[in-house]
Protein chains: 2
Amino acid sequence: MAAEIICVGTELLLGDIVNTNAQYLALELAKLGIPHYYQTVVGDNVERLKKAIAIARERSSILIFTGGLGPTPDDLTTETIADFFQTPLREDQEILAEIEAKFTSLGREMPPSNSKQALIPIGADFLPNPTGTAPGLIWQPQTNVTILTFPGVPSEMKRMWVETAIPYLESQGWGKERIYSRSLKFRGIGESALAEKVAHLFALTNPTVAPYAGLGEVRLRIATKAPSLQAALQVIEPVATEIKEIAGLDYFGADDDTLPAVVGELLRRQKQTLSVAESCTGGGLGEIITQIAGSSDYFWGGVISYDNRVKVALLDVNEQDLNNVGAVSAIVAQQMALGVQKRLTTDWGISITGIAGPGGGSETKPVGLVYIGLASPEGKVTVSEHRFGENRDRLTIRQISAYTALDRLRRNLLIMS
Amino acid sequence: MAAEIICVGTELLLGDIVNTNAQYLALELAKLGIPHYYQTVVGDNVERLKKAIAIARERSSILIFTGGLGPTPDDLTTETIADFFQTPLREDQEILAEIEAKFTSLGREMPPSNSKQALIPIGADFLPNPTGTAPGLIWQPQTNVTILTFPGVPSEMKRMWVETAIPYLESQGWGKERIYSRSLKFRGIGESALAEKVAHLFALTNPTVAPYAGLGEVRLRIATKAPSLQAALQVIEPVATEIKEIAGLDYFGADDDTLPAVVGELLRRQKQTLSVAESCTGGGLGEIITQIAGSSDYFWGGVISYDNRVKVALLDVNEQDLNNVGAVSAIVAQQMALGVQKRLTTDWGISITGIAGPGGGSETKPVGLVYIGLASPEGKVTVSEHRFGENRDRLTIRQISAYTALDRLRRNLLIMS
């Protein structure tokens, strides 16, 4: 009883996209304790897909397909599977009505080609797709063969997996022993520096501790195999507690925690409000803060002062200072933070001004030089200078700048609370 | 004569890493015009790897392996391939000396386990690894079978591919005919609606035309196999021209073109400036616009008016209108666009106000209701109402809103130019 992931799509064979679906599903299978020995990628081609199914059928009993469920002639996963198991397709009226309703809700008429997505092998069940028009299949065409199909769009596939496939697989007896894990997240410390601090934990076998590095964020994953979450936590929690103590303020959250959510929660708890003045990030900091639903409770808005005239007109930055020391300077960062705090009458004001590149750098002000200002409720402003590196690209410098600014606010909120 | 990519590694089956190697190699094979119909992922297991080789051997003649070349007992790609083709291994003294030298240069002694990496099937050649200790293989164990092996570390694999594998494959006659492609990009039209308009082109065999859908963006990829770019363009261009004529304003760019780059170029050419007033997108539109280096030439900045007080104070939105019809309304969108255009003294002003959800929706104003205002240099304001769908999540609604706003500006710039 092993699973096999079969990703269908010529775009994968052409290298147009990375197969993140296979990774997601692999991780999920591991969590449920479902063995999984092979993954296959095959193009949008009936004969080759049929051959891949024949091979997978011999060596695996749960066949998980992604891709090829769309409305175009290229999309042929459903009919090929049905054909392989010599089962005719039927049109499901309920699904057809749902697809039509989705188009109606968007104010559009359903193109005739989408009706194809309501075809299903006789005896199969639909795996509902709450966000897209392409539903999947749950089907046992033969004893000891389970077919699950998903669209190739990752967000649709993931939601269908969580909402329908997991409960189905659990009902089939999977998931009694699972891998449970906890990811602790850190900012303001490098991967190797953190790894050295907790090196003695990497030798543990239960739980295991492993580091992962992202963009300016480091994670430590603590994992164990256990029959229940409660049993897992008994193994995981003591190690998590030890790591948090070692890391201090560099630890900011676990698992699904995000920096803007953590900062938002601190602001909400302290009943304080925030505004931002952004130059080189161009709105990116505001965008990250407002990713959190309910952020209007503490985030009032900001000024994108990309042009110096906007810094003067809307943030009261001193024109002479701009001329003398330039927009990328500690003094302008200070005035921007104070300006937005005052104009928007919020408790905190954050400012970012820097050189995102690739052009615009000089010897004294290289690409990656960024000033972050933080105006506090007490009227104090502190400015930090960062050099995010000439080797990083524009988007990375902008993103690190926004997250670093948020992290500075987080540390200040924690110290003051 | 087709290639097959076989990625060996239990970490891929556990979902610990994304298989970027397969994408890289797929793209490279496509460039060289080497057909490639299957990819296989298999764990560090002799029996299963052998079975995967047997299957690949039946359907492909160039077998490209990544992973399993390291010094640990888990790494068994070389010996398993040798065993499959019933060929004994020999220890290559030259390679052994090179591995030892690499350790010496790091000031370390070679661990005994690394000597394993100097084993090679009799009759095979080494594929040198300039950066790591694990060399690969180039081997023709039988007529019409070519084996190439690479370590799993992407940077090592890529360098070995470029420096040795490409010249080798070219010496075997590949790369004389390559696949060239052009991706045309569209906005404001769904995948199926566009597909129906150009349905007659999907039947073409040279060039081929295939659709791909992204978030609010649809692409048509026109591809052909040709001995040179010039020859390819002769096949691709007439079809591209026909598609562009059919699509009209829905076509916005090709290949690496992005919407903010295209809009930026139009603004620059018309010497016009832009500012934004963002409510539900929280800065996301400004962020997208300023992803483009040099956007300061035409983008002056904006106001993130997340809270209504900011709409009044910085955008001159009428307080009574806010109370009467609410922030998510055509009239407020209109005032925001005019307000930011006036306050920032730019030619164009874009505004976005809407309900990104998941909370905050009502029967008359559901989640996904978004108003986009566009104030033109002539002082005209037009507001469009959108329903981006209650089934979409917050981040998607925000992103589609920002891109739709940019696309509205693009269409207006094109009509006026």
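**Salt bridges, interface and backbone of a two-chain model**

Modeller: In this predicted model, R159(A) and E163(A) form a salt bridge between their side chains, 2.8 Å from N to O.

Colleague: Where do R159(A) and E163(A) lie?

Modeller: Both are in helix α6 (residues 154-171) of chain A. They are four residues apart, about one turn of the helix.

Colleague: And how many salt bridges are there over all chains?

Modeller: A search of the whole structure gives 41.

Colleague: How many are between chain B and chain A?

Modeller: The count there is three. Among them is the bridge between the side chains of R398(B) and E287(A), at 3.1 Å from N to O.

Colleague: Which strand gives the most to the side of chain B that touches chain A?

Modeller: That is strand β2 (residues 36-42) of chain B, with seven residues.

Colleague: What is the make-up of that side by class?

Modeller: On the side of chain B that touches chain A, 32 residues are nonpolar, 25 are polar and 16 are charged.

Colleague: What about the contact as a whole: how many residues does each chain bring?

Modeller: Chain A brings 75 residues and chain B brings 73. Between them the two chains bury about 5,800 Å², and carbon and sulfur atoms account for 58% of that area.

Colleague: How many residue pairs are in polar contact across the interface?

Modeller: There are 33 such pairs between chain B and chain A, counting those in which both residues have pLDDT 80 or more.

Colleague: Which strands are joined from one chain to the other, and do they run parallel or antiparallel?

Modeller: Strand β14 (residues 299-304) of chain A is joined to strand β14 (residues 299-304) of chain B by three bridges, and the two run antiparallel. Within this pairing, I304(B) in β14(B) is the residue opposite G302(A).

Colleague: Changing topic to pairing inside chain B: how many bridges join β10 and β11 there?

Modeller: Six bridges join strand β10 (residues 208-213) of chain B to strand β11 (residues 217-226) of chain B, in an antiparallel arrangement. A210(B), for instance, has R221(B) in β11(B) as its bridge partner.

Colleague: How many residues lie between the strands of that hairpin, and which one takes a positive phi?

Modeller: Three residues lie between β10(B) and β11(B), and G216(B) in this hairpin has a positive phi near 75°.

Colleague: Which residue has a positive phi although it is not a glycine?

Modeller: Q86(A) does, with a phi of about 50°. Q86(A) sits in the loop between α4 (77-84) and β4 (89-91) of chain A. Most residues other than glycine have a negative phi.

Colleague: Where are cis peptide bonds found?

Modeller: In chain A, a cis bond joins G357(A) and P358(A), with omega about 0°. In chain B, the bond from G357(B) to P358(B) is cis as well, with omega near 0°. P358(A) is in the loop between β15 (348-354) and β16 (369-375) of chain A, and P358(B) is in the loop between β15 (348-354) and β16 (369-375) of chain B.

Colleague: Finally, how many aromatic pairs are there over all chains?

Modeller: The structure holds 10. One of them is formed by F186(A) and Y251(A), which meet edge-to-face at 5.8 Å centre to centre, with 65° between the planes.

Colleague: What does that pair tie together?

Modeller: F186(A) belongs to strand β9 (residues 178-187) of chain A and Y251(A) to strand β12 (residues 251-254) of chain A, so the pair ties together parts that are 65 residues apart in sequence.

Technical notes: Residues numbered from 1 in each chain as written. Chains lettered and ligands numbered in written order. Predicted model: local features only at pLDDT ≥ 70, side-chain atom pairs only at ≥ 80, totals over all residues. Heavy atoms only, no water. Contact = heavy atoms within 4.5 Å. Buried area = accessible area lost by both parts, 1.4 Å probe. Salt bridge = Lys/Arg side-chain N within 4 Å of Asp/Glu carboxyl O. Polar contact = N/O pair within 3.5 Å; in protein donor to acceptor, adjacent residues only side chain to side chain. Nonpolar A, V, L, I, M, F, W, Y, C, P; charged D, E, K, R; others polar. Pairing = 2+ DSSP bridges. Phe/Tyr/Trp six-rings, centres within 6.5 Å; stacked < 30°, edge-to-face > 60°.
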